[in-house]
Amino acid sequence: MNILKIGGLITLVSALTIISCHKMDEGNQAIAKAIVEKSFSTSIAIPMVMDATNASFAAKSSSATIGGQSLNTLSYGNGGILGPTLKINQGDIMNLVFANQLSEPTNIHWHGLEAPAAQDGYPTDLTEAGNSYTYNFRVTNRPGTYWYHPHPDMATASQAYRGLAGFFIVTSPEEQALNLPQGIYDIPLVIQDKRLTGGLVYNPDTDDQNIGFFGESVLVNGTSGAMMEVETRTYRFRLLNGSNARIYNFALSEGLKFKLIGSDGGLLDAPLEVSNILLAPGERADVLINFDNMPVSTELFLESASFSGSSTQGNQSFKIMKFKIIKDVADNFIVPTTLMPVVKISESSAVASRNFNIGHMMVHGNMNEVMHPIDGKTFDANRRDEVVQSGSVEIWEFDNTMGTEIHPMHLHGLQFQVLKRTGGRGTIQAWEKGWKDTVLAFPGEKVKIIILFPENKGKFVFHCHNLEHEDAGMMLNFEIK
Ligand code: C2O
Ligand code: CU
Ligand code: CU
């Protein structure tokens, strides 16, 4: 076993004195910062598209004007905030020359892609400040919406929050043949909440570390109070919850519905009509929205509806962005009746099942700081927590029965399928019917997934995608042998 250098980072975690391990007193639980709605008058930014087979960019300090304020940000590439949308054909080799122009170590994780272990942004595989690294691997994933963000141990939340994230879009001739809306009618939307007062500073207090770092402003593609002018036709929107901790229960005003066509791992087998899509941090949904038959100058909103199941968030409904109809056009688009086959992994092919308790917290020190362990353990890069066989099928269960918090559980380097949810919502949701890499367990829920481990061997992580939980150690290793 090679021992990875970790620069003393995890020693901090292991040095904490764990006094007790029990359920938190609900009465003391903090709640998410409320959203303050804006006037929705700023044209939405659309990230530039970059060919992933021949790409280069740097992570660097930048600045951006957001909500009328000039803020210090981090970005990939052109400045401002966020990074370009990398685009590739399924089966092509991506090549990205990446420079770290930050003053701290960083790396890039390809969220949802079947990346080789050495290029997946393992938390201790870092590119030091001033250095470069070339990411080069074949992208085998199905057509769909993936994304990238930094993943350094204990600094993912801070770097992603300050602006480092971007879309990674995979397409194929099969997808093109479906004639889904393209170009200016195919729009990625990353939704993130930020604190805009006092600069874009990541300074979580104890409550933030416990429940997540929430902002009062919702940004879409880095735009606060975002507005998009649309025509009376069908658009494809790729929704990504890129927030540190906030869940959105996406809905549309004017009684409009979504045609759900894709989830984390690409296109579904057939479109599904839904009025709500609840996405936790890390999750994606590909949707079609039809603005047909709406009079010019109609304004409608992408919103987050209130939801139940969590004591820390969900009691507020708020607007996220505005669509304004500006042009009446003839549209002969027909929603395809089938999209792309989703081959079910058969339960009887599973050779092992594993159960992970994600519902216990550890309180230490002054009883205010909380750790969020998985099975009583926090991240240690020198451990192999689970060893699995490449090409084998396993069933994993995330058990939040005893928990009081929301945990979106994410596995690196693969896509899985959701088999079953018991407790809480009790069912598999529409957006969980295709391929997934992140699955939400509300308090009281147990979620079972089925995984076919890919050919890429090596050590990967799985973790809670509440980035404050992840950075507080809610992350373990699995090694594919
Ligand atoms: Cu998007 Cu390990 O995460
Ligand atoms: Cu990931
Ligand atoms: Cu969590």
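**Copper sites, a cavity and the overall fold**

Along the chain, the residues that hold the copper ion (ligand 3) are spaced as H-x56-C-x4-H. The pattern bridges distant stretches of the chain, for His-407 sits in strand β29 and Cys-464 in strand β33 (residues 458–464), 57 residues apart. This description, like everything below, rests on a predicted model. The protein donors to this ion are the ND1 atom of His-407, the SG atom of Cys-464 and the ND1 atom of His-469, at 2.0 to 2.2 Å from the copper.

How much of these donors can be reached from outside? For His-407, the relative accessibility is 2%; since buried means under 20%, His-407 counts as buried. Cys-464 is likewise buried, with a relative accessible area of 0%.

A second copper ion in the model, ligand 2, has two histidines as its protein donors: His-109 and His-410, each through NE2, lie 1.8 Å from the ion. Because His-109 belongs to strand β8 (residues 109–111) and His-410 to strand β29 (residues 407–411), this pair ties together parts of the chain that are 301 residues apart in sequence. Both His-109 and His-410 are buried. Strand β29 is worth finding in the structure, as it carries His-410, a donor to ligand 2, and also His-407, a donor to ligand 3.

The next step is to look for empty space inside the protein. Rolling a probe the size of a water molecule over the atoms shows where such space is left. Three cavities of 30 Å³ or more were counted, and the largest of them holds about 60 Å³ of space. Which residues line the largest cavity? The lining consists of Ile-211, Phe-214, Ala-245, Pro-281, Thr-312, Gln-313, Glu-405, Ile-406, Pro-408, Asn-466 and His-469. Six of the lining residues are nonpolar, four are polar and one is charged. His-469 is a familiar name here, being both part of this lining and a donor to the copper ion (ligand 3). The largest cavity lies between domain 1 (3–23 + 342–480) and domain 3 (183–327), because both domains give residues to its lining.

Stepping back to the whole chain, the model contains five helices and 34 strands. The C-alpha trace spans about 65 × 50 × 50 Å along its principal axes. For a compact globule of 481 residues, a radius of gyration near 23 Å would be expected; the chain has 21 Å, so the two agree. Of the 481 residues, 61% count as buried.

Some loop residues deserve a closer look. Most residues other than glycine have a negative phi. Asn-179 has a positive phi, near 55°, although it is not a glycine. This asparagine lies in the loop between α3 (173–176) and β12 (186–194). Is Asn-179 buried or exposed? With a relative accessible area of 54%, Asn-179 is exposed, because the cut-off for exposed is over 50%. Asn-293 also has a positive phi, of about 65°. The loop that holds Asn-293 runs between β21 (284–290) and β22 (299–304), and Asn-293 is exposed at a relative accessible area of 74%.

A last loop residue is Met-402, found between β28 (393–399) and β29. Met-402 is partly exposed, its relative accessible area being 44%. The C-alpha atom of Met-402 is separated by 41 Å from that of Leu-71, a residue 331 positions away along the chain.

How values were computed: Residues are numbered from 1 along each chain as its sequence is written. Chains are lettered from A and ligands numbered from 1 in the order in which they are written. This is a predicted model: local features need pLDDT of at least 70, side-chain atom pairs count only at pLDDT 80 or more; totals for chains, interfaces and linings use all residues. Side-chain values use heavy atoms; hydrogens and water are left out. Donors are N, O and S atoms within 2.8 Å of the metal (3.2 Å for Na, K and Ca); water is not among the atoms, so sites may look incomplete. Helices (H or I, at least four residues) and strands (E, at least two) are DSSP runs, numbered from the N terminus. Buried means under 20% relative accessible area, exposed over 50%, partly exposed in between (1.4 Å probe, protein chains only). On a 1 Å grid over the protein atoms alone, a cavity is a set of points where a 1.4 Å probe fits but cannot get out, and a pocket is an open set with protein on both sides within 12 Å along at least five of seven lines; lining residues have an atom within 4 Å of a point. Grid points are joined across faces, edges and corners, and a volume is the space filled by probe spheres set on the points. Ala, Val, Leu, Ile, Met, Phe, Trp, Tyr, Cys and Pro count as nonpolar, Asp, Glu, Lys and Arg as charged, and the others, Gly among them, as polar. Domain bounds come from an automatic or database domain assignment. The radius of gyration is taken over C-alpha atoms; the globule rule is 2.2 Å times the number of residues to the power 0.38.
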